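Colleague: Before I rely on any of the labels attached to this model, I would like to hear the reasoning behind them. Could we take them one at a time, with each value set against its cut-off?

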Amino acid sequence: MPYTSRRALPAHCPLKLTLAVIGAFAALSIAAVPGARANGFDPFPVAALTPPPAAASNGLPCQEPTAEHALSLVNVVDEALCHNPQTREAWANARWRAAQVGVAQAAWLPTLAATLSTSRIRPDTSLAREDYNQQKSALTLSWLLWDFGGRSATLESARQLLAAASETQSSTLQSVFLAAVQAFYQVHANTAALAATRESERAAGESLRAAEARYRVGTGTPADRLQAQTAYSQATLARISAEGSLQTAYGTLANVIGRDAQRAAPLAPVLDPAPDARFERDVGALIDEARRQRPDLRASEAQLASAEADIAAARAAGLPTLSLVAAANNTDSSLGSTTRDGSLGVRVDIPVFSGFATHYRVRSAEEQRAIKAAQLEKTRLQVSLDVWNAYQNLVTATQSVKSAADLLASAEQSARVARGRYEAGVGTLIELLNAQSALASARLQDVQAKFAWRTGRATLAQAIGVLDGSLLQLPPAAAGNLPAAEPILPATPLTDTKVSP
């Protein structure tokens, strides 16, 4: 039940003193805010608390995309960081949280409210008085002086949520970075796979023509001819499927860099060093580093701290508050009477009973803290799993690259031998088709191994929380020993329906 203590003002100045107090507090509330004069739209100023917007991988401001040209990996990452809607959404969310900090800071300043009203008064007819108009105006100031830490807890909660939003923005940038790297290498992998299926189709066509020639001269059987036809049809289907997969990969790449799916641009050749084992370290140390670096883990920690502050705010809501209040009132009527009065005093609000709402708000805040604590532990465990999986996948991919290269060389030699034996009449068509099938499989495994290694590096860096532009820089020693570029599409934009040959 609120209790109000007021002291009557002298009769000769009931209004002037009150107006002076209200005006003084209003001026002080504005002057007390740092930067209020310099920036009227951000008086607290909370915009400085937000992280900078997305920038290119080298930290420079984003630029508008230039004319269509072959995009390197750096170009793809920069366009993704600058133009993917996820980065803008994360930044806007951080700015929204910063504005909530401003809302929490506003609780320390007084509030000033003006009220205007006009009414038509009809007096008691027994008095035989005429109707008259009445206008009222009031100016009220209220300043919360003490609330047992409620405002401080609310502000701390808002600041922790801003910290969480900032870390979430960093996590989003790394996720977009990784998606751009994966999309870039996926296009190259699918392009190489398409080239491999075209080569397999060509070889199957030659085998079919050879089988038909032997059938026509009577040295081949109908079964051999049908088997060669089946192998050629399978190779054609594999090539068609590879063309579709490449188109899908180009659409995914366009989406990642913030373009419509049909606006994919051609890519420059892959320029990265040969696989090595320099990344190999104690996986436990990598997990520890990830728990220090991962922005999503730091965001979970900030959310837990915010939940703890919410408990203090909920408890303070059930405690008394002390406020300074001042009011100036003016009443005019058409009868010629004018009334002016003012008041200045302190008010103590003591919550007595709120239907147990305060009790359940505190309980709700405590359970919310338990939820955030569980989510933090889940994130900690997920970080260790992410690093472990990424590390093991990269180790496997590094070893697979060399094995796949050896397999491809062996399959190529085997296919050449089988073709020579078949053309010399000492080998069978089954032997040739099996060798060609093994070669086609080896080519695709070689492509997949290179793709897994290239994306595995970025995945491990993202799992640790250190994915940045340094991954795109080639070591000086490796720059002169780059592997041959993967087959890519010509430097012309893709059509909507067909891959350019």
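Colleague: What makes Arg95 count as lying over the face of Trp91?

Modeller: This is a predicted model, and in it Arg95 lies over the face of Trp91 at 5.0 Å from the ring centre. The distance cut-off is within 6 Å, with a further condition of within 35 degrees of the ring normal, so the 5.0 Å of Arg95 satisfies the distance part. Arg225 is placed in the same manner over the face of Tyr215, at 5.7 Å from the ring centre, which also falls within 6 Å.

Colleague: Why is the pair of Phe184 and Tyr185 called edge-to-face?

Modeller: A search of the whole structure finds three aromatic pairs. In the pair of Phe184 and Tyr185 the ring centres are 5.4 Å apart and the planes stand at 70 degrees; since pairing asks for centres within 6.5 Å and edge-to-face for planes over 60 degrees apart, both conditions are met. Phe353 and Phe356 earn the label as well, because their ring centres are 5.3 Å apart and their planes are at 85 degrees.

Colleague: Are the residues of these two pairs buried or exposed?

Modeller: Phe184 and Tyr185 are both buried, whereas Phe353 and Phe356 are both exposed.

Colleague: How do you know that Phe356 is exposed?

Modeller: Its relative accessibility is 53%, and because exposed means over 50%, Phe356 counts as exposed. Phe356 lies in the loop between strand S5 (338-349) and helix H8 (357-423), and its phi is near 65 degrees, a positive value in a residue other than glycine.

Colleague: Why, then, is Phe148 called partly exposed?

Modeller: Phe148 has a relative accessible area of 43%, which is neither under 20% nor over 50%, so the label is partly exposed. Phe148 sits in the loop between strand S3 (132-146) and H4, and here too phi is positive in a residue other than glycine, near 60 degrees.

Colleague: What about Pro45, and where is it found?

Modeller: Pro45 belongs to the loop between helix H1 (16-31) and helix H2 (73-83). With a relative accessible area of 34%, Pro45 falls between the cut-offs of 20% and 50% and is therefore partly exposed. Although Pro45 and Val101 are 56 residues apart in sequence, their C-alpha atoms are 9.8 Å apart in space.

Colleague: How do you know that the span of helix H4 is close to what is expected?

Modeller: Helix H4 covers residues 150-216, which is 67 residues, and reaches 95 Å from its first C-alpha to its last, against the 99 Å expected at 1.5 Å a residue. After H4 comes Gly218, whose phi is positive, near 90 degrees.

Colleague: What makes S4 and S5 a pair of strands?

Modeller: Twelve bridges join strand S4 (residues 321-333) to S5, and as pairing requires at least two bridges, the condition is met; the two strands run antiparallel. Thr331 stands opposite Thr339 in S5. S4 and S5 form a hairpin with four residues between them, and Gly336 in the turn has a positive phi of about 95 degrees.

Colleague: Finally, how many helices and strands does the chain have, and what share of its residues is buried?

Modeller: The secondary structure comes to ten helices and five strands, and buried residues make up 40% of the 501 residues in the chain. Among contacts between residues at least 6 apart in sequence, 80% join residues at least 24 apart.

How values were computed:
Residues are numbered from 1 along each chain as its sequence is written. This is a predicted model: local features need pLDDT of at least 70, side-chain atom pairs count only at pLDDT 80 or more; totals for chains, interfaces and linings use all residues. Side-chain values use heavy atoms; hydrogens and water are left out. Buried means under 20% relative accessible area, exposed over 50%, partly exposed in between (1.4 Å probe, protein chains only). Contact means heavy atoms within 4.5 Å. Rings of Phe, Tyr and Trp (its six-membered ring) pair if their centres lie within 6.5 Å; planes under 30 degrees apart count as stacked, over 60 as edge-to-face and the rest as tilted. The expected span of a helix is 1.5 Å times one less than its number of residues.
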